[in-house]
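Q: Could you take a close look at one small part of this model and tell me how it sits among its neighbours? I would like one connected account, please.

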Amino acid sequence: MLADPRLVAAREQLGPALVKAAVARAQDLARSGAISPASVADSAAASLPPIAASLTPVINATGVLVHTNLGRAPLSAAARDAVRAAAGYTDVEFDLASGRRSRRGAGALDALARAVPAAGAVHAVNNNAAALVLAATALAAGREIIVSRGELIEIGDGFRLPDLLQSTGARIREVGTTNRTTLGDYQQAIGADTAFILKVHPSNYLIEGFTASASVGELAGLGVLVVGDIGSGLLSPSPVLPDEPDADSWLRAGAALVTASGDKLLGGPQAGLLLGRPDTVTRLARHPLARALRVDKLTLAALEATLTGPAPPVTQALAAALPSIRERAEILAERLASEGIDCRAVSADAAVGGGGGPGVKLPSAALSLPDQLAPELRSGTAVHRGDVPAVVGRIEGGRLLLDLRAVAPADDERLAAAVLAAAQGGAPSLAAPASADSVAAPGRD
């Protein structure tokens, strides 16, 4: 069976283990009577994965633009091209002109410096948590970090900021209360053991009502090093998210160092960005721990292309005009309804996600479908065969909503094909009601 020309070619692309497993599955089907023995090779070839990795491409129709469980920011076409170009040997740390070793990732770091004019120096590590660990280790090991109690956040998957910082040997000096921390609270806590004041942008929550907080500018006036964690990765002010802190503004306000994520609002690869004063950033970049946290050539390539190339998908999704999203939803809903599927276009609210814009609602439009379609869209037969992409939406009011704000317009056809394939594999109850009112205008629901 392995001598079949299709399977011989697949072994070159995917490796022998995956091909042999596909043949074994097909043989089991033949033994059970599900297929004929003559169909084993055809079945094995049809069940082969497209790539030699288990990650499955997904259309994100959840309405959460930066979805951590779905890989956060999708890379732009320019960034994907850059990753492919960097996949082989490359001059990541080599000067082709002189034939000597050079500054690692110079192109990406120069692009980052240009994107944040207020930064005197920049560096990149493998994620924002790593950036904070490096800062705490290099600047505060054995000393105190002053931080507001209202900013001692949990950063996801059960990991908590105070635990992360204390693992470096630094001590946390909590000030203020959950809802109110004043400039005076910080001032009273400053002492001989103070390494720096940490200002953290709250992730995924808002504290409203009887509140108080000190700005970066006020904290910088206390004469102590200020480190700011903006988390979501906005490098400069955004008209779409006017209340979201950005690196350039915090640096201009007096922060000595700002850390941010590369794979959130920036729209690039996973990375921790360190931006700030030359002496501070250089101290971190030359610390021994920086070697353990450094990014690889693929990340550097994707980061540079994100910074210098066209607007990445997350930026495009944030800026997408609501009338355009509504029109796409109406067209798709009409098409799917004409195929007998219970589908209508409805209004929806999307979210930024990834710790960015907590509480901000982004007006959107979605396809409303029977909730029984959700499992088939995620992992049905057509998805396993590779005929259509996996699609992840959200259940709301007993219906499956496929929010289009995070779906690229170029993926509308693929989305429709996935819904059609899922409906064909689903139950008869997925058919549209007989009423002529089954397709509603987006503004009515």
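A: On helix H1 (residues 5-14), Pro-5 and Glu-12 are the exposed residues on the face turned away from the buried side. Exposed here stands for over 50% relative accessible area, buried for under 20% and partly exposed for what lies in between, with a 1.4 Å probe and protein chains only. Helices (H or I, at least four residues) and strands (E, at least two) are DSSP runs, numbered from the N terminus.

Please keep in mind that this is a predicted model, in which local features need pLDDT of at least 70 and side-chain atom pairs count only at pLDDT 80 or more, while totals for chains, interfaces and linings use all residues. Residues are numbered from 1 along each chain as its sequence is written, and side-chain values use heavy atoms, with hydrogens and water left out.

Now turn H1 over: its buried residues are Leu-7, Ala-10 and Leu-14. They share one side of H1 because they cover an arc of only 55° around the axis, taken from the directions between the helix axis and the C-beta atoms. An α-helix has 3.6 residues a turn, so residues three or four places apart point the same way.

What does this side meet? The buried residues of H1 pack against helix H2 (16-32) and helix H3 (40-46), where contact means heavy atoms within 4.5 Å. A further neighbour is Leu-48, in the loop between H3 and strand E1 (58-60). Leaving out residues up to four places away in sequence, Leu-48 touches Leu-7, Ala-10 and Leu-14, along with Leu-18, Val-19 and Ala-22. Leu-48 counts as buried because its relative accessibility is 15%. Leu-48 and Lys-20 are 28 residues apart in sequence, yet their C-alpha atoms are 9.9 Å apart in space.

Both ends of H1 deserve a glance too. Asp-4 caps the N-terminal end, with a side-chain oxygen 2.9 Å from the backbone nitrogen of Arg-6; a polar contact is a pair of N or O atoms within 3.5 Å, and within protein one must be able to donate a hydrogen and the other to accept it, with sequence-adjacent residues counted only if both atoms are side-chain atoms. Just after H1, Gly-15 takes a positive phi of about 95°.

As for confidence, the protein has a mean pLDDT of 91, and 95% of its residues reach 70 or more; pLDDT is the predictor's confidence in each residue, from 0 to 100.
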